[in-house]
Amino acid sequence: MSSGTHPKVVVLMGGPSAEREVSLSSGRECAAALRQAGYEVVEVDAGPDLPSQLQSHAPDVVFNALHGRRGEDGCVQGLLEWLRIPYTHSGVLASALAMDKEASKAAVRAAGLPVAESRLASKAQAMATHLLPLPYVIKPNNEGSSVGVYIVAEGANAPPQLSDDMPETVMVESYLPGRELTTTVRGDRALTVTDIVTSGWYDYDAKYKTGGSHHVVPADIPAEIFEACLDYALRAHRALGCRGLSRTDFRWDEARGLDGLVLLETNTQPGMTPTSLAPEQAAKTGISFPELCRWLVEDASCDR
């Protein structure tokens with residue numbers, strides 16, 4: 001432990017991914033909450049000098065507030081394991097597995113959970129021809145926060161021309177109509193269900209800009225669907241080997257009842273910004289934001 005009364009916590013934020021700005025916002029919020037909870041906190045913008053920064057600060061715990069590649073795909077988790085510094089959220093394998101959308105689908109499908117039809121393709125293939133029946137979605141296989149998502153609508157004559165910053169391998173996935181639902185898992189408990197209401201696609205702006213979406217929590221949906229979301233999210237959390245906090249997103253086609261509930265993906269590093277879903281769900285179940293951050297620090301370990 002540090003020389004202070006409470007453990008010294010380094011909050012990792014920023015980093016080089018496409019989700020850098022979201023991570024900086026998450027990190028600042030978490031650092032403020034941890035200081036409020038009484039911890040000695042150091043904020044670190046993760047860059048190439050991260051190993052030396054960690055050795056210099058000598059934290060008792062690392063609070064991982066990174067999002068996207070290198071921060072939630074097993075890379076920084078492997079570094080922390082190597083340095084034997086306890087850290088929050090999921091470990092190396094679960095992080096890598098959940099970040100790879102196709103691999104994580106295989107894992108949750110094996111656990112008996114419903115997922116959308118999809119395939120991996122080269123960027124060139126995805127721009128050359130329709131690889132799935134319309135409508136469908138094209139997105140990176142290993143990014144989050146709706147970064148780089150293209151919706152190919154019914155009646156589109158040709159596939160979209162993808163931006164230069166899209167990866168060489170993309171996921172092509174059937175478009176699922178219906179409502180956007182999400183459930184946070186904390187430890188071994190699924191918290192509640194949120195119905196995310198937007199005027200269009202739940203994209204990056206809808207997720208992170210004030211007023212970008214309206215959250216109905218707890219969701220006003222049939223009990224059967226509500227309970228299924230809780231069950232599916234906890235089963236996905238376990239199937240992927242997640243630790244700490246995760247959030248699983250769903251699409252629900254009301255016209256098809258329970259058959260219309262499909263798991264989209266599980267996020268091992270849920271956003272912790274003022275408009276983020278996981279802190280909001282925690283608050284609705286009686287867990288304040290400082291309490292949530294403190295619990296994550298207390299849950300931290302190596303060998304996750």
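Strands here are DSSP runs of E with at least two residues, numbered from the N terminus. The model is predicted.

**Exercise 1. Place Asp 249 and describe its surroundings.**

Task: In which strand is Asp 249, and is Asp 249 buried or exposed?

Solution.
- Start with the element: Asp 249 sits in strand β11.
- Next, take the relative accessible area, which is 8% for Asp 249. Buried means under 20%, so Asp 249 is buried.
- Then look for a side-chain partner. Arg 247 makes a polar contact of 3.1 Å with the side chain of Asp 249 through its own side chain.
- Finally, set aside neighbours within four places in sequence. Asp 249 then contacts Leu 181, Thr 182, Val 262, Leu 263, Leu 264 and Glu 265.

**Exercise 2. Classify the aromatic pair.**

Task: How many aromatic pairs are there, and which residues form the pair?

Solution.
- The count is one aromatic pair.
- Tyr 232 and Phe 250 form it, at 6.3 Å centre to centre.
- Their planes are 45° apart, and the pair is tilted.
- Now locate the partners: Tyr 232 lies in helix α8 (residues 223-240) and Phe 250 in strand β11. They are 18 residues apart, so the pair links distant parts of the chain.
- Both Tyr 232 and Phe 250 are buried.

**Exercise 3. Map the packing of α9.**

Task: Which residues of helix α9 are buried, and what do they pack against?

Solution.
- Helix α9 spans residues 277-284.
- Its buried residues are Leu 277, Ala 278, Pro 279, Gln 281 and Ala 282.
- These pack against strands β8 (179-186), β9 (189-197), β10 (214-216) and β11 (245-252), and against helix α10 (289-299).
- Just past α9, Gly 286 adopts a positive phi of about 90°.

Notes
Residues numbered from 1 in each chain as written. Predicted model: local features only at pLDDT ≥ 70, side-chain atom pairs only at ≥ 80, totals over all residues. Heavy atoms only, no water. Buried < 20%, exposed > 50% of the residue type's maximum accessible area, 1.4 Å probe, protein only. Helix = DSSP H or I, 4+ residues; strand = E, 2+ residues; numbered from the N terminus. Contact = heavy atoms within 4.5 Å. Phe/Tyr/Trp six-rings, centres within 6.5 Å; stacked < 30°, edge-to-face > 60°. Polar contact = N/O pair within 3.5 Å; in protein donor to acceptor, adjacent residues only side chain to side chain.
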